[in-house]
Amino acid sequence: MAFELIPLPAFRDNYIWLLAGSKTAVAVDPGDATPVLEALAKRQLLLAAVLVTHHHADHAGGAAILAARFDCPVFGPAGEAIEAVNQPLREGQQADIPALETRFKVLEIPGHTAGHIAYCGHNIVFCGDTLFSAGCGRLFEGTAAQMSRSLAKLSALPDSTAICCGHEYTVANLRFALAVEPDNRDILDYAEDAAELRSRNLPTLPSTLGRERRVNPFLRCGMPDVVNAAERHAGHELRNPIEVFAVIRSWKDTFT
Ligand code: ZN
Ligand code: FE
């Protein structure tokens, strides 16, 4: 079945992803039900399922309203208490969506929250607030070691994988990426393209994993330029990519 992948802007900078077939659609991380209901009405689609990546309200807040309206399943992480979720999923399990003749495989990717999951399928990954374009989520409930393991898991997907994340943070993330790697030509080029898209109020997403591997400092913790920048920032030597990750993550927390 052919799908259309549509980012629906919500709140200040969230995206709710709509994966639309010809008659039905799936909504990913509907923090707000309204933009989803509007998009479904406009396209005359029914909702077949809701997928939730983690418990934060800006991702799960509209799930109950949508599930009640369409009487559809709500998939979500088994490791988190989310009211609306009636199909809890663990690593390796699948979100089955018969109406779209499709299924998404679950990866557990803790770090931003303790039970955060991603959904992969059709060369797409819905990764919530774990991997952003040119950035990654803050460590609210996990350690640097957990988050770097989670990012490594996502990074093992094919280069062509579409990265569908939860927020439009790309332009600000690229400013930080340039502070880490001022000479990285791919970051400079992408920063120009992203600024141009945002000036027309267009999404910079989805990205691709291949691009993220070239521009995202959090996926580049083993690259000499990133290691050197992190060591300069820390003021001492760093022994492994997890230490490098921890330094650039906390550096970004205070970067303006
Ligand atoms: Zn979040
Ligand atoms: Fe979020």
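This is a conversation about how terms apply to a predicted model.

Modeller: Welcome! In this predicted model, local features need pLDDT of at least 70 and side-chain atom pairs count only at pLDDT 80 or more, while totals for chains, interfaces and linings use all residues. Residues are numbered from 1 along each chain as its sequence is written, chains are lettered from A and ligands numbered from 1 in the order written, and side-chain values use heavy atoms, leaving out hydrogens and water.

Biologist: What makes H54, H56, H112 and D129 donors of the zinc ion (ligand 1)?

Modeller: Donors are N, O and S atoms within 2.8 Å of the metal (3.2 Å for Na, K and Ca), and sites may look incomplete because water is not among the atoms. Here H54 (NE2), H56 (ND1), H112 (NE2) and D129 (OD) coordinate the zinc ion (ligand 1) at 2.2 to 2.3 Å, so they qualify.

Biologist: Why is the arrangement around the zinc ion (ligand 1) called irregular?

Modeller: Four donors count as tetrahedral if all angles lie between 85 and 135 degrees; four count as square planar and six as octahedral if opposite donors are over 155 degrees apart and all others between 65 and 115; anything else is irregular. The 4 donor atoms subtend angles of 88 to 169 degrees, which makes this arrangement irregular.

Biologist: Which residue coordinates both the zinc ion (ligand 1) and the iron ion (ligand 2)?

Modeller: D129 does, and the two ions are 3.2 Å apart. D129 lies in the loop between β10 (124-128) and β11 (131-132), and H112 in the loop between β8 (102-108) and β9 (117-121), so the pair ties together parts 17 residues apart in sequence. Helices (H or I, at least four residues) and strands (E, at least two) are DSSP runs, numbered from the N terminus.

Biologist: Are H112 and D129 buried or exposed?

Modeller: Both are buried, meaning under 20% relative accessible area; exposed is over 50%, and partly exposed is in between (1.4 Å probe, protein chains only).

Biologist: How do you know that β8 and β9 pair?

Modeller: Two strands pair if DSSP finds at least two bridges between them. β8 and β9 have 4 bridges and run antiparallel, so they pair. In β9, Y119 is the bridge partner of V106.

Biologist: What makes β1 (4-10) and β6 (87-89) edge strands?

Modeller: They belong to an open sheet of 6 strands in the order β1-β2-β3-β4-β5-β6, with mixed pairing. Each has a single partner strand, so one side of each is left without a neighbour in the sheet.
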